Amino acid sequence: MSLPDRKTDIGPPHYEQFLHPVIKKNFGKWKYHEEINAGVMVHVAESGEKIYTVRAATPRLLATDTIREYCDIAEKHCDGYLRFTTRNNVEFFVDSESKVQPLLDDLKSKDYLVGGIGARISNVVHTQGWVHCHSAATDASGLVKVIMDEFHEYFSSKELANRCRIAVACCVNMCGAVHCSDIALVGVHKTPPRIMHEGVKNSCEIPSTIASCPTTAISPDPANKSVKIKLEKCMYCGNCYSVCPAMPIADTENDGIAIVVGGKVSNLRKPPMFSKLAVPWLPNNPPRWPEVVDVVKIILKEYEKGARKHERMGEWIARISWEKFFSVTGLEFKIQHIDDFTYARETFRTTAAFKWT
Amino acid sequence: MSKKYDTPLLDELKKGVFPSFVVEMEKAAARSDMAADLLGQVELSYKEKLTHWKHGGIVGVRGYGSGVIGRYSDIPDKFPGVAHFHTVRINAPSGFYYTSNALREIMDLWDKYGSGMTNMHGSTGDMILLGTRSENLEPLFAEVSSRGWDLGGSGSAVRTPSCCLGMSRCEWSNIDSQAITYDITQHYQDEMHRPAFPYKFKFKIAGCAVDCIASIARADMSVIGTWRDKIRVDQNEVKNYASKMDIKAEVVDLCPTGCITYTGGELTIDDSNCSRCMNCIARMTKALRPGVEKGATILLGSKAPIVTGALMSWVIVPFMKMEPPYDEFYELVDKIWEWWDENGKNRERIGELIERLTFPRFLKDVGIEPHPAMVKEPRRDPFFFWSEEDIKR
């Protein structure tokens, strides 16, 4: 069978053809929206027309079968229209209230987890992990699964003080920029890369390998036509491994998970915030990472208990102070919590006013 | 097809309430040898706590230098189905809207040419078709492109621009983020598909400062919708809110600039002191709406921590009208790229380059006037440069 003629540089299809008629008709003319419950919201246009959105979680890694099932649901209830959110949820649209319950019933009968709207935990933004990445220090999909299995009620019903955005990165490359999340889990290394001299000689560009090191720990090793590493300068970022495959850094005994907290991306009330280190290392313990789940549980419980209405994790911590954060969570403050990298000096406390803990 | 491998560890991740990615792999594995071997290899990773993917090689479609990420198993003898397991990035429509017909068409092609596994969506915002062989790339591309789809960006190129859903279903959007994203994507097809930059360049377009697309955290250039006039207040709706919320505690007291007062049932905003953070509007969406003189704030420079630490985008243009044909915007982008191209080192993001050569130098070279909105505070040291014209000779 012959192939159709290929086209190049046509760009994506125009989005307008995929918009539900009510959405298309009221484009730019929405007046307000209301969150009806964890999984349903309604947007009301100036014309008075309404569009109901029903949101459900996906695992992001999807078989074509499941996407076809989403299509079946969209065809049955939504005239074939659907969308995905930036946090890997699927959204279905209906144009009248009477169509909401049948859609919800259908989703429920198929065991969909409906929710993620409002002051709750939405779906987790994450990277590829062992499913598809060469530099993964841990898996991402598995961590997402065990975290969301634990906290699914905060997706589908229970409310928090504000949104709690969780993210997982399988290494410090942090594809998807998890570094501004309320809670992020990051795969980390604890040991320097090994140098496979034969491989470096044959397959790596030595100047770019040296240049890739943020702490100038890598220098030439002319005798071996390779490189050497000043071990005490290496902070195990793995950037050299990205540039030179002959410097593997994976270490199954020592790789682990760091937890960072208190970041956000919105500008509401306070400017966007970076997440900061809460726990430098927990064991990489698949398939269900119990140590990681336990610590996230503690952090979330204290946030739930202590945060005032509308406070994000970072706003809550800023109000109570980091020293208090460590005392209420019982997490140990270690030497690794004190910054020794690029922005270190901005983090030192230059006041005698702090809290006793 | 019966199960090819035992997967006791992954089976543990079929338990629980949240939808399981393992179930997804099993669904595809029932039809595809590639997906079956993926399941086997991931199980081994769970057992050994070690990834089994090699660095990507250079693979792609004719005439493009991006859009496909090469991926190979490091144990192809054991798992021949994933000996090649390349990613194809399909440029998703702005706002991630689809019709079932469009999705079905792509899924049918993907079952024909690939593993049947996808990501909806990848972190940058592409539809990810996960896992195929090199020889399938050309036929797949012919099939998808002839149906109106194209590949996204990868490598040292413009990455697939992405946006919030904007005016399509959000009353807060101050700019048509989808139209802008579509236009940028079309405008820079060459820069997207043929990598020629020092490193990647990401555009993210958000309709308002809530920034649902996380542009300040992860876009080299963030375009954020805003307004220049006054928040529109509907006092009747304020009264309705008064019966169901504590306006003083949730709106007045949480305003970061203290520009809102609420007395005698009337809400007053001193717009000249408003920083447009969106908090009050998000709390009382029926009563408060953004102004009508709309445009965007342009920020530059964010990236994840590799190499010298994470950066957030910072303001370079406080206000720009974002209306077609976006000439002012493209002129700015082209000037920035020219500067980056001239000065940037290999694998140096624009934000890192500005840090290295300094923000004042960037402003001078690119021809942008300094403005207090660009900084949180002026410098605290006395070490500043002057130009020749500032000196009396």
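How many salt bridges are counted between chain B and chain A? The count is eleven. This report describes a predicted model, starting with the contact between the two chains and then turning to strands and salt bridges within them.

**The interface**

Chain B brings 120 residues to the contact, and chain A brings 110 residues. The area buried between chain B and chain A comes to about 10400 Å², and carbon and sulfur atoms give 60% of that area. On the side of chain B, the residues that lose the most area to chain A are Phe18(B), His55(B) and Arg169(B), which together make up 9% of what that side buries. The size of an interface is often expressed in this way, as the accessible area lost when the parts come together.

Polar contacts also run across the interface: 66 residue pairs of chain B and chain A are found in polar contact, with both residues at pLDDT 80 or more. Helix H4(B) supplies eleven residues, the largest share of the side of chain B that touches chain A. Sorted by class, that side of chain B has 59 nonpolar, 31 polar and 30 charged residues.

One salt bridge joins Lys309(A) to Glu250(B), where the side chains meet at 3.4 Å, N to O. There is also a network of salt bridges that links Asp65(A) and Arg68(A) with Arg31(B), Asp108(B) and Asp111(B).

**Strands**

Strand pairing crosses from one chain to the other. Strand S5 of chain A (residues 81–84) and strand S3 of chain B (residues 97–99) run antiparallel and are joined by three bridges. Within this pairing, Arg83(A) has Tyr97(B) in S3(B) as its bridge partner.

Chain A also has a pairing of its own. Strand S1 (residues 30–37) and strand S2 (residues 40–45) of chain A run antiparallel, with six bridges between them. A hairpin of two residues leads from S1(A) to S2(A). Glu35(A) is bridged to Met41(A) in S2(A).

**Salt bridges within chain B**

Over all chains, the structure holds 51 salt bridges. The table gives three that lie within chain B.

| Residue | Partner | Closest N and O atoms |
|---|---|---|
| Lys14(B) | Glu26(B) | 3.1 Å |
| Lys27(B) | Glu24(B) | 3.6 Å |
| Glu143(B) | Lys112(B) | 3.3 Å |

The salt bridge of Lys14(B) and Glu26(B) links distant parts of the chain, with the two residues twelve apart: Lys14(B) is in the loop between helix H1 (8–11) and helix H2 (21–29) of chain B, and Glu26(B) is in helix H2 of chain B. Lys14(B) counts as partly exposed because its relative accessibility is 35%.

Lys27(B) and Glu24(B) both belong to helix H2 of chain B, three residues apart, which is about one turn of the helix. Lys27(B) has 28% relative accessibility and so counts as partly exposed. Glu24(B) has 5% relative accessibility and therefore counts as buried, since buried means under 20%.

The salt bridge between Glu143(B) and Lys112(B) joins two helices. Glu143(B) is in helix H5 of chain B (residues 134–146) and Lys112(B) is in helix H4 of chain B (residues 100–113), so the pair ties together parts that are 31 residues apart in sequence. Glu143(B) counts as buried because its relative accessibility is 4%. Lys112(B) has a relative accessible area of 48% and so is partly exposed.

How values were computed:
Residues numbered from 1 in each chain as written. Chains lettered and ligands numbered in written order. Predicted model: local features only at pLDDT ≥ 70, side-chain atom pairs only at ≥ 80, totals over all residues. Heavy atoms only, no water. Pairing = 2+ DSSP bridges. Helix = DSSP H or I, 4+ residues; strand = E, 2+ residues; numbered from the N terminus. Salt bridge = Lys/Arg side-chain N within 4 Å of Asp/Glu carboxyl O. Buried < 20%, exposed > 50% of the residue type's maximum accessible area, 1.4 Å probe, protein only. Contact = heavy atoms within 4.5 Å. Buried area = accessible area lost by both parts, 1.4 Å probe. Polar contact = N/O pair within 3.5 Å; in protein donor to acceptor, adjacent residues only side chain to side chain. Nonpolar A, V, L, I, M, F, W, Y, C, P; charged D, E, K, R; others polar.
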